[in-house]
Amino acid sequence: MGGSSSKPQTPQQVYRPPPSPVVNESEKLLDKPWRDIEWTAVRKEKLLNEIKRYKPSVSSVKQARILLVGPIGVGKSSFFNSINSVFHGHITSQAVAGTTLESSVTLKFRTYQVEAGQNGEPLPFILCDTMGLEEGLAQGLNIEDIPNILNGKIGDRYQFNPVSPLEDSNSRNPEKLEDKIHCVVYVLDVSKMGLIPEKLFEKIRAVRKKVNEFGVPQVLLLTKVDQTCPPVEKDIQKVYHSVYLQAKIKDASARLGIPLLSVFPVKNYTREVELQQNDDILLLSALQKILHFADDYM
């Protein structure tokens, strides 16, 4: 018989590209930054000079008073140290900063002046540091002390009492604008945002409510941005490219009711032994905006 046998057909191989590498959420970057910032030595010098030349819009006020408020260990004292370092030209540690979340390092109300250089003139702003906010009602900064702080009734080195706020014996005396707080700055650690108890957020919102009654502008600083996003840790210029940080900033804005335009990420000097130009620019940009808000109040 002349029939021919055929060979079995080999199934055609279909090309399948290798799976794309999984990108960690904290490593995703936007092509363009969602907020523009100039990362140059010229910009840093301009910011330094503008802040040095700043004068409060009311002649009777010589220095804008900025109040720092936030939970324990978020970087309030470190923010002052960082700003102080930038204007001194080297790392300083005048304010004692904590490294744990167990108890507040700042137990007294402290007012810090920043000088331009080692023996320079005091700059036209004062940073006021408070005891850390804690979850419990009788722990940390007592919310009832806020009005006295805002009105300039609490002086430097006043010892906070979480259980008993200051009773204002001079409430009939007219408060001077120069003694009042001109801008309140909330400070949160962005790397610990998910660990903040809701009761602590409620306490911060209660502080906001009291501050609102006085019409004082409010700003939010998010610290430790380099510790949550690997690309930002390598290059701080990626801070406004980070999808993860953008989401964290929006979340903090929504939870505290602070507009996005009043929220600023910063990187304090906590590990470095030398100043970094881009870190300085981020810090100075935030400080410049804070001074603008203080002027709005005055």
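Reader: Quick one to start: which residue is the bridge partner of L67 in β3?
Author: That's C128. Strands here are DSSP runs of E with at least two residues, helices are runs of H or I with at least four, and both are numbered from the N terminus. This is a predicted model, where local features need pLDDT of at least 70, side-chain atom pairs count only at pLDDT 80 or more, and totals for chains, interfaces and linings use all residues. Residues are numbered from 1 along each chain as its sequence is written, and side-chain values use heavy atoms, with hydrogens and water left out.

Reader: OK, and how do β1 and β3 run, parallel or antiparallel?
Author: Parallel: five bridges join β1 (residues 64-69) to β3 (residues 122-129). Two strands count as paired if DSSP finds at least two bridges between them. R65 stands opposite I126 in β3.

Reader: What about β2 and β3, parallel or antiparallel?
Author: Those two are antiparallel, with β2 covering residues 108-115 and five bridges between the strands. One of the matches is E115 with P122 in β3. Their hairpin has six residues between the strands, and G117 there takes a positive phi near 85 degrees.

Reader: So what order do the strands of the whole sheet come in?
Author: β4-β2-β3-β1-β5-β6-β7, which is an open sheet of seven strands with mixed pairing. β4 (158-159) and β7 each have a single partner strand, so one side of each is left without a neighbour in the sheet.

Reader: How many residues of β3 are buried?
Author: Seven of its eight, so β3 is mostly covered; buried means under 20% relative accessible area, exposed is over 50%, and partly exposed is in between, using a 1.4 Å probe and protein chains only.

Reader: New topic. Which residues have the most contacts inside the largest nonpolar core?
Author: F87 and F125, in a core of 80 residues. The largest share of this core, ten residues, comes from helix α7 (residues 277-297). A nonpolar core is a set of buried Ala, Val, Leu, Ile, Met, Phe, Trp, Tyr and Cys residues joined through side-chain atoms within 4.5 Å.

Reader: And what does F125 touch?
Author: Leaving out residues up to four places away in sequence, F125 touches ten residues, including F87, Y112, L287 and L291. Contact means heavy atoms within 4.5 Å.

Reader: Helix α6 next. Which of its residues are buried?
Author: L245, Q246, K248, I249, A252, S253 and L256. They cover an arc of only 165 degrees around the axis, which puts them on the same side of α6. That arc is taken from the directions from the helix axis to the C-beta atoms.

Reader: What covers them?
Author: Among the elements covering them are β5 (183-189), α4 and β6 (218-223).

Reader: Is F201 buried or exposed?
Author: Buried, because its relative accessibility is 0%. F201 sits in α4 (residues 198-214) and contacts L256, among others further than four places away in sequence.

Reader: Last one: which side chains make polar contacts with D189?
Author: The side chain of S191, at 2.6 Å, and that of K224, at 3.3 Å. A polar contact is a pair of N or O atoms within 3.5 Å; within protein, one must be able to donate a hydrogen and the other to accept it, and residues adjacent in sequence count only if both atoms are side-chain atoms. D189 is in strand β5 and counts as buried at 4% relative accessibility.
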